[in-house]
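Here is a quick tour for anyone meeting this protein for the first time. Take a look at the sequence and the model, then read on.

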Amino acid sequence: FESEALQYALPRGRNNPRQVPFGLYTEQLSGTAFTAPRSLNRRTWLYRIQPSVVGSHALLQLSEQEFFGQSGDPSCFQVNPNPMRWKPMPLELGDGCNFVTGLKTLMASGSPLGKDGLSISMYAFSQDMVDTHFYNSDGDFLIVPQYGSLLIYTELGRLIVHPKEICVIPRGIVFSVHQHDSSADAVARGYVLEVYKGHFQLPELGPIGASGLANVRDFMHPTAWYVSDKHNYKKPCTIFNKYGGKLFFRLGSHSPYNVVAWHGNYLPFKYNLERFCAVNSVTYDHLDPSIYTVLTAVGNEAGTALADFVIFPPRVMATDDDTLRPPWFHRNTMSEFMGLIWGSYDAKAEFQPGGATLHPTMTPHGPDAISYEKAVQADCSKPTKFEGGLAFMFETSHMMKLSPYALNCEHRDLPYAECWMDLHDTFTEWPESHHRREHEEEED
């Protein structure tokens with residue numbers, strides 16, 4: 001990929017010329033080791049007004065502000081095997097916050113220092129990151145807007161990301177998040193999956209073939225853009241850096257959005273979830289939800305992801321008359337975090353947009369009693385198409401530790417597990433059931 005905001009700014013025939021067009025500087029941004037296999041190698045050459053080292057004399061200082069719902073101390077996170085649900089994150093939590101200060105970490109596992117693990121957060125904010133910028137040394141961000149559209153400035157260009165779309169900001173790329181809606185009372189809310197290892201990629205399709213699920217052509221990257229007004233470019237700013245789970249900052253003398261041209265494959269990108277090409281069984285049963293994987297981050301074992309991003313879009317649920325439409329009851333070696341972007345979810349009557357659930361490793365879960373009973377009694381003589389909502393799942397091979405915020409926030413739905421209490425014993429072959437039937441037959 002390549003892009004230039006000013007014609008002829010991109011050098012031709014070489015990456016690092018002695019004299020860069022228009023007096024620009026060359027800088028390489030490496031997202032993988034130099035020696036990574038060619039199919040996995042990620043890097044981009046940047047041609048910018050000033051290199052990133054300018055301003056580094058103002059050393060990064062540890063920030064004392066509350067960070068991601070905690071103070072940078074992972075020792076305060078706790079393991080908890082119980083199923084959990086959170087009601088929608090109150091939009092009021094975003095009052096006076098920007099994207100960074102409005103992030104609340106719910107859970108995490110592993111360590112960014114060892115580049116292995118992940119975290120899951122939610123955000124609510126009402127303020128734009130004016131003259132404030134951020135980059136994450138710990139990993140890639142996958143951002144899922146649920147309420148309110150985002151205008152994201154990055155070193156490589158701008159992205160507008162609406163609900164029903166997602167974006168990925170790779171490790172190290174400077175960005176700032178603004179609301180696309182400029183009204184005074186606007187608030188944005190959504191979810192963030194952060195992976196400390198590798199990068200998000202498309203899942204292999206196997207027997208599905210060359211097309212299906214998330215198709216390559218539907219992903220979009222920004223085009224080069226820079227602050228072209230010198231007065232605005234020279235405005236002082238604050239640059240935050242998340243490093244080793246802690247937040248640092250330094251003052252900058254100019255905007256980081258000064259990349260006039262670039263070429264490479266280490267880029268932020270976005271994807272419209274309505275473009276997802278879902279597949280499913282056309283005979284009987286449900287296939288495993290892995291068939292709805294949009295993006296994956298590879299784990300340490302073949303076929304086992306560090307993290308999968310899975311969606312449950314409008315689709316034909318089942319085609320025969322004897323398949324239970326909601327998902328089956330389940331215990332999973334993976335941890336399952338779910339969110340709801342809009343509408344409803346067919347397996348949980350009380351799951352609300354902006355809310356979340358966590359079903360930890362090997363913790364039983366499945367449709368609630370109301371949804372199960374409704375599905376058992378439903379007329380399934382015709383194929384069923386679900387069009388009532390868009391849910392998603394962050395699934396990981398890691399066992400998660402929960403933050404104090406996740407465990408103690410007011411919108412945690414403490415009675416969640418009671419939704420299964422009315423799944424009564426309906427087994428018909430208990431010995432006493434035989435005796436009762438025999439007695440009834442004798443009376444007849």
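## A hairpin to start with

Let's begin with a hairpin: strands S17 and S18 form one, with 2 residues between them. In the turn sits Gly-244, whose phi is positive, at about 60 degrees. Keep in mind as you look around that this is a predicted model.

The two arms of the hairpin, S17 and strand S18 (residues 246–252), run antiparallel and are joined over 7 bridges. To spot the pairing by eye, find Asn-241, which stands opposite Phe-248 in S18.

## The other partner of S17

S17 pairs with another strand too: strand S9 (residues 132–136) lines up with S17 in the parallel sense, over 5 bridges. Here you can look for Asn-136, whose bridge partner in S17 is Lys-242.

Is strand S17 mostly enclosed or mostly open? Of the 7 residues in S17 (residues 237–243), 5 are buried, so the strand is largely enclosed by the rest of the structure. Buried here means under 20% relative accessible area.

## A tryptophan in a loop

Now hop along the chain to Trp-328, which lies in the loop between strand S23 (315–318) and strand S24 (335–343). With a relative accessibility of 34%, Trp-328 counts as partly exposed, because that label covers values between the 20% cut-off for buried and the 50% cut-off for exposed.

Which residues does Trp-328 touch, leaving out those up to four places away in sequence? The list is His-286, Leu-287, Asp-288, Pro-289, His-365, Gly-366 and Pro-367. Take Gly-366 as an example: Trp-328 and Gly-366 are 38 residues apart in sequence, yet their C-alpha atoms are 6.0 Å apart in space.

## Zooming out

Stepping back, the protein has 4 helices and 28 strands. Its C-alpha atoms fill a box of roughly 100 × 45 × 40 Å along the principal axes. The radius of gyration is 25 Å, which agrees with the value near 22 Å for a compact globule of 444 residues.

How much of the protein is buried? Buried residues make up 52% of the 444. Looking at contacts with a separation of 6 or more, 76% are between residues 24 or more positions apart.

## Surface and charge

The protein exposes about 22000 Å², and carbon and sulfur atoms supply 52% of that area. As for charge, there are 36 positive and 50 negative charges, and their mean positions are 15 Å apart.

How values were computed: Residues are numbered from 1 along each chain as its sequence is written. This is a predicted model: local features need pLDDT of at least 70, side-chain atom pairs count only at pLDDT 80 or more; totals for chains, interfaces and linings use all residues. Side-chain values use heavy atoms; hydrogens and water are left out. The radius of gyration is taken over C-alpha atoms; the globule rule is 2.2 Å times the number of residues to the power 0.38. Buried means under 20% relative accessible area, exposed over 50%, partly exposed in between (1.4 Å probe, protein chains only). Contact means heavy atoms within 4.5 Å. Accessible areas come from the Shrake-Rupley method with a 1.4 Å probe; for residues, only the protein chains shown count as cover. Lys and Arg count as positive and Asp and Glu as negative; His and the chain ends are not counted. The place of a charge is taken as NZ of Lys, CZ of Arg, CG of Asp or CD of Glu. Two strands pair if DSSP finds at least two bridges between them.
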